[in-house]
Amino acid sequence: MEETKINAWEGFKDGEWQNEINVSSFIDRNFTEYTGDDSFLSEISEKTNKVWSKCEELLDEEVKKGGCLDVETNILSGINAFAPGYIDKDNEVIVGLQTDAPLKRIVNMYGGVKVALKALESHGYKLNDEVYKHFITYRKTHNDGVFDAYTPIIRRARSNGLLTGLPDGYGRGRIIGDYRRIALYGIDRLIEEKQKDLSGDFLDEFDIDESVRLREEINEQIRALGEIKKMAAGYGFDISRPAENAKEAIQWAYFGYLAGAKENNGAATSMGRDATFFDIYIERDLKNGTLTEEEAQELVDQFVIKLRLIRHLRTPDYDELFAGDPTWVTESIAGMINESRSLVTKSSFRFLHTLINLKPSAEPNLTVLWSKGLPENFKKFAAKISILTDSIQYEGDDTMRPLYGHDYAIACCVSSMKQGKQMQFFGARCNLAKSLLYAINGGVDEKSGKLVLDGVEHNDEEVLSYGRVRAEYSRILEKIAKVYVDANNIIHYMHDKYAYEASQMALHDTNVERLMAFGVAGFSSAVDSLSAIRYAKVKPIRNEQGIAVDFEVEGEFPKYGNDDNRVDDIAKELIQEFYDYLASHKLYRNAKATLSILTITSNVMYGQKTGATPDGRKSGEAFAPGANPMHGRDCSGALASLNSVAKIPFANCCQDGISNTFSIVPSALGNNEEEQVNNLVTILDGYFVQGAQHINVNVFDRALLIDAMNNPWKYPNLTIRVSGYAVNFNKLDRAHQEEVIARTFHEKR
C-alpha cells in the first residue's frame with residue numbers, strides 16, 4: 001500500500017494532506033492557476049461523439065415516453081445492487097451507471113412505500129410483488145416515522161400549504177460527499193481513518209444518545225465504503241488505492257458520487273467542487289506526456305455525460321414542486337483561494353466548454369463562484385458561455401469565502417457548505433405571503449376556511465393599518481417558526497433513523513457540523529403587501545365568514561425591486577425577523593439554523609395555493625421565484641432590480657442562499673458579442689461587490705420563449721435558468737412556461 005501511495009503521489013508537493021484526510025491542503029499545495037484565454041480548448045472527440053450520440057437518442061426516447069424511459073421493478077436501491085451498465089463500452093473512457101442500463105430509474109422504498117408506489121404507477125409500472133411483500137414485512141420507512149411523530153398543527157400547516165415541500169416523503173438531499181477523497185487516498189485509507197474514529201476518545205465527549213448513534217453510523221459508513229469498492233470492482237477497477245493518473249482520479253471520484261445516487265434519491269445530489277482538483281492530475285499527466293489536451297477534454301466531457309444521465313423516480317406531486325425533473329448535480333467552479341490568487345485552472349474552462357461540445361444542458365448545474373479578482377479571461381469566457389447557452393449560475397465567492405473558507409461547494413441551487421466538513425438538513429419552505437393573510441384572518445386559511453393557527457386575533461378593520469397588521473404578523477411568524485422547527489427536527493430524526501445516507505456521510509469528517517436549512521416563499525409578495533398597507537390604502541373584501549378573499553388598493557406604494565429603501569428596508573427587516581425566530585429554537589443534533597429565499601419552481605404551486613394578497617396579486621397567481629421582485633414590478637431597470645436583491649443580508653440571516661433569477665434581452669447588453677460579454681462582466685462585478693450571493697443569468701427575448709412554447713420541436717436544446725437551477729424549457733408544463741414568460745425581461749441596464 002505504501003509503495004502504491006508513493007507512486008500515486010509522485011510529483012505532488014508535500015503538505016498536511018499526506019498525514020491526514022485533507023483535500024483542501026492538497027489543492028492549496030498543488031494546483032496551477034490559469035490566467036490565459038480559451039484558445040487551448042479542444043472540440044468533442046470521436047469517442048465522446050459516439051457516446052453522446054447514443055445518449056441523445058435515448059434522451060429523445062425518454063421524452064417521447066413521457067419523461068421516464070424505464071424503471072427497474074425487481075431490485076431496490078443500493079450501492080452495489082445492480083450489475084455494471086454501459087452506454088457504449090468500446091468508447092466510454094469514464095464508466096458507471098445508476099443501474100444496468102442508461103436512464104433506467106431505481107425504486108427507493110426507504111423514504112416511503114406509498115410515495116414509491118405512486119411514482120411507479122404514474123409511469124405505468126408495478127413493483128415486483130415479492131419485493132413489495134418482503135419490504136413492508138420487515139421495514140419501516142422514513143415517511144412512516146415522520147407521520148407517527150407529526151403533531152396536529154404540523155399536519156394542518158402542511159395540508160393548507162403554509163409549509164410545503166417538506167422532505168417527509170422523499171430523500172432530503174443537499175449532502176455533498178467529498179468524492180475527491182476516494183481519488184486522493186483510496187477506499188482502504190478512508191476505512192482505516194473511520195476505524196480510528198470508532199475507537200477514538202472524542203466519542204466519549206457526546207451524551208449517551210449521540211455517542212451510541214455515532215458508533216452505529218461509523219460502522220454503517222465503513223460498510224458503505226466497502227460496498228463502493230465492490231461496485232467499482234464490478235467495472236474492473238481497484239479503488240482501494242489512490243488514483244495514479246487523471247483518468248483514475250475522475251473515475252474514482254465518480255464512483256463515489258455514483259454510490260450516493262444509487263443509494264439515495266435525495267432532492268439535490270450535488271457533485272461538489274472538482275474542476276481544480278482534477279486539474280492537478282491532468283496537469284501532471286500533460287507534463288509527463290501521458291495525456292493530450294484532446295484526451296483531457298474527453299475525460300471531462302464523458303464525466304459530464306454521466307452526470308447528465310442521473311435520474312430519480314419521482315411522483316407527480318414532486319414534479320409540481322420541482323418542474324423539469326431536476327437532480328441538481330451542482331458542480332462549483334472557480335472562486336478565489338485568497339484575495340490575490342484565484343482557483344481558476346484550465347479545467348475550469350473545460351467544464352464550461354462541455355456546454356459547447358455536448359450542447360446546452362440543465363445538468364450538471366454548473367455554478368461559477370464569482371469574484372472581482374477572477375482572471376479577466378475566465379470572466380469573459382464564462383459570460384460568453386452564459387450568453388450562448390443560458391446554462392450557468394453565479395454565486396458570490398467574496399460573500400461566502402469569509403464564512404466557509406475557500407474549499408466550500410454549493411448544494412442544490414444556492415446552499416454553501418464546507419465540503420466534507422458540513423452537511424445540511426434540508427427543510428423546504430414557509431409561505432410568507434399566506435402567513436400575512438393569516439395575520440389578517442385570525443389564523444384561518446383563506447382558501448380552505450380552516451383554522452390553522454390558534455390564538456390569533458381576527459382583523460376587522462375597514463382599512464388595514466400598518467401597525468396592527470405588522471404586530472400580528474410578527475406573532476404569526478413566531479408561531480410558525482416553532483411549527484417549522486418541530487417539523488424539521490422530526491423529519492431529520494426519522495431520516496437518520498430509516499434512510500441514512502451512509503455512502504455520502506462516509507465521505508465527511510465523522511464529527512461533522514450540521515446545518516438546518518429553512519426557506520421561504522412568497523417573499524416579494526409579502527414585502528410589497530406590507531408596503532401597500534403602509535404607504536397606500538388597502539381595503540379587505542371579505543366573504544360571508546369574514547375572511548379577506550381580495551383587496552382593494554387605492555394609491556401608489558413603493559415596490560421591491562426598484563432600489564427604493566422604503567420598501568427594501570421592509571424586506572430586510574422581515575427576513576431577519578423570521579430567521580431570528582427560527583434560530584431561537586433548539587435544533588436536532590445541535591444543527592445551526594440557516595435560511596434561504598428560494599422557491600425552485602414551486603413559486604407557481606405556492607401561488608396556486610394562496611389567496612389574493614394586499615399588493616394587488618390575485619388569488620392563485622404565481623409568486624416571483626426566490627428573492628426576485630414580483631413579475632413586472634421592477635420597472636426601473638436591471639441595475640435597480642439587482643441592487644434591491646443585493647441588500648438582503650446573507651451573513652446575518654440568509655446563509656442558505658438568496659436566489660435571484662435575472663433575464664435581460666440581448667440588445668440591452670450590447671450590439672455585438674464583445675459588447676455583450678464586457679457589459680455582462682461589468683454587471684456581475686457590480687452586483688457581487690455589494691455583497692450579493694446568487695444570480696441566474698438568462699439572455700434572450702420573451703418572443704423566443706413564446707415561440708418555443710408553441711413550437712417545441714424547433715428548440716430541442718433550449719435551456720433556461722429558472723430559480724437556482726436550469727431546465728430544458730420543453731420539460732416545463734404549460735403553467736410553468738407561462739410563469740417564466742411573465743417574468744421581467746430587462747430591456748435596459
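A strand here is a DSSP run of E with at least two residues, a helix is a run of H or I with at least four, and both are numbered from the N terminus. The model you'll be working on is predicted.

**Exercise 1. Work out which strand leads the lining of the largest cavity, and what that lining is like.**

Step 1: Get a feel for the space. The largest cavity holds about 110 Å³, and a search of the whole structure turns up nine cavities of 30 Å³ or more.

Step 2: Go to the middle. Of the 14 lining residues, Asn 628, Asp 634, Thr 661, Arg 743 and Thr 744 lie nearest the centre.

Step 3: Look for the main contributor. Strand S16 (residues 661–664) gives the largest share of this lining, with three residues.

Step 4: Sort the lining by class. You get eight polar residues, four nonpolar and two charged.

**Exercise 2. Describe how helices H11 and H14 cross.**

Step 1: Find the pair. H11 covers residues 275–288 and H14 covers residues 346–357; their axes come within 8 Å.

Step 2: Read the angle. The two axes cross at roughly 110°. Angles from 65 to 115 degrees count as roughly perpendicular, so that's the label H11 and H14 get.

Step 3: Add the hand. This crossing is right-handed.

Step 4: List who touches whom. H11 brings Ala 275, Thr 276, Phe 278, Asp 279, Ile 282, Glu 283 and Leu 286, while H14 brings Lys 346, Ser 347, Ser 348, Arg 350 and Phe 351.

Step 5: Sort the contact residues of H11 and H14. Five are nonpolar, four charged and three polar.

**Exercise 3. Find the elements around the second largest cavity, and spot a residue you've already met.**

Step 1: Start with volume. The second largest cavity comes to about 90 Å³.

Step 2: Pick out the central residues. Among its 14 lining residues, Ile 27, Arg 273, Thr 276, Leu 343 and Asp 407 are closest to the centre.

Step 3: Check back. Thr 276 is one of the H11 residues that touch H14, and Thr 276 turns up again beside this cavity's centre.

Step 4: Name the elements. Helix H2 (23–30), H11 and strand S4 (330–334) each supply at least two lining residues.

Step 5: Sort by class. This lining has six nonpolar, four polar and four charged residues.

**Exercise 4. Set out the linings of the two largest pockets and find the helix that appears in both.**

Step 1: Take the largest pocket. There's about 1,000 Å³ of space in it. It has 44 lining residues, with Glu 62, Val 63, Arg 311, Asn 728 and Lys 731 nearest the centre. Helix H3 (46–64), helix H13 (316–321) and strand S19 (726–728) each give two or more residues, and H3 has the largest share with seven.

Step 2: Take the second largest pocket. Its volume is about 760 Å³. Of the 34 lining residues, Val 115, Arg 158, Asp 168, Gly 169 and Asp 317 sit closest to the centre. Two or more residues come from each of strand S2 (104–107), helix H4 (113–122), helix H6 (142–149), strand S3 (163–164) and H13. H4 gives the largest share, six residues.

Step 3: Match the lists. H13 is in the list for the largest pocket and in the list for the second largest.

Step 4: Put the classes side by side.

| Lining | Nonpolar | Polar | Charged |
|---|---|---|---|
| Largest pocket | 18 | 11 | 15 |
| Second largest pocket | 14 | 10 | 10 |

Terms used:
Residues numbered from 1 in each chain as written. Predicted model: local features only at pLDDT ≥ 70, side-chain atom pairs only at ≥ 80, totals over all residues. Heavy atoms only, no water. Axes fitted to C-alpha atoms, helices over the stretch in contact; angles between N-to-C directions. Parallel < 35°, antiparallel > 145°, perpendicular 65-115°, else oblique. Left-handed = near helix turned anticlockwise from the far one by under 90°. Contact = heavy atoms within 4.5 Å. Nonpolar A, V, L, I, M, F, W, Y, C, P; charged D, E, K, R; others polar. 1 Å grid on protein atoms, 1.4 Å probe; cavity = no way out; pocket = protein on both sides within 12 Å on 5 of 7 lines; lining within 4 Å. Points joined across faces, edges and corners; volume = space filled by probe spheres on them.
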